[in-house]
Structure formats: C-alpha cells, structure tokens
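Trainee: I would like to learn how to read a structure like this one, going feature by feature. Please begin with the surface.

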Amino acid sequence: MNFKDIDLHKTLLQGLNKAKYIDATPQALEGSDLYVQSQTGTGKTAAYLIPMIQRLLANEELNGKKALIMVPTRELAVQVEKEARLLSSFSRLKTASFYG
C-alpha cells in the first residue's frame, strides 16, 4: 500500500516524501500491535513513529500534547529523534532527545 493512498495529514505526507518512504505497513495505522524484526535501514523506526505523528497531527484533542519514547541506548535515542524530526519536519511538532 502506498502512503499517498492513505488518509494521512498533509505535513506527514510531506515528511514521508522527504524521507523517501513509499510503501506503508497498514497494521500500524490500524492500531494493531507490532513486532518488527528486519535489517538496519528498512524503516522499523518509522513504522512506530508514523502512527504516533499522525495521531498528534490529526486529532484536535491532542493539540499541544506531548509524546515520550523511551529507548535503551543513547545511539537509539539519537536515531529515533533524527527520524522523528525528518518525518515531522513540515509540521508544528518539535523533537528532542535526552540521555545521560
């Protein structure tokens, strides 16, 4: 399924285009739990971020709300922040990572 065939927020679609993502994992957008195992660089981080970003952008009740993603290592925190920043780059959302 192509991302442009899904009813996603326009700024998220712009971020997906910038990230060069074309095909979607529809289970994530349907609210299903995911267990993903694949090689590095295949979009696993995006598979978790896209539904979260879509909900934050599309649901007026979540306007001004924050999301917290906890990961076990500094390297993964930096990777998640970079991907979130790319995918939300055309939106009002802000990203940051904290580790120490």
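Trainee: How much area does the chain expose, and what share of it do carbon and sulfur atoms supply?

Mentor: Accessible areas come from the Shrake-Rupley method with a 1.4 Å probe, and for residues only the protein chains shown count as cover. Here the chain exposes about 7,400 Å², of which carbon and sulfur atoms supply 51%. This is a predicted model, in which local features need pLDDT of at least 70 and side-chain atom pairs count only at pLDDT 80 or more, while totals for chains, interfaces and linings use all residues. Residues are numbered from 1 along each chain as its sequence is written, and side-chain values use heavy atoms, with hydrogens and water left out.

Trainee: How many helices and strands does the chain have?

Mentor: Helices (H or I, at least four residues) and strands (E, at least two) are DSSP runs, numbered from the N terminus. The chain has four helices and zero strands, giving the pattern α-α-α-α along the sequence.

Trainee: Is Glu-81 buried or exposed?

Mentor: Buried means under 20% relative accessible area, exposed over 50%, and partly exposed in between (1.4 Å probe, protein chains only). Glu-81, found in helix 4 (residues 74-87), counts as buried because its relative accessibility is 19%. Lys-94, in the segment after helix 4, is exposed, with a relative accessible area of 80%.

Trainee: Which residues does Glu-81 touch, not counting residues up to four places away in sequence?

Mentor: Contact means heavy atoms within 4.5 Å. With those sequence neighbours set aside, Glu-81 touches Thr-95, Ala-96 and Ser-97.
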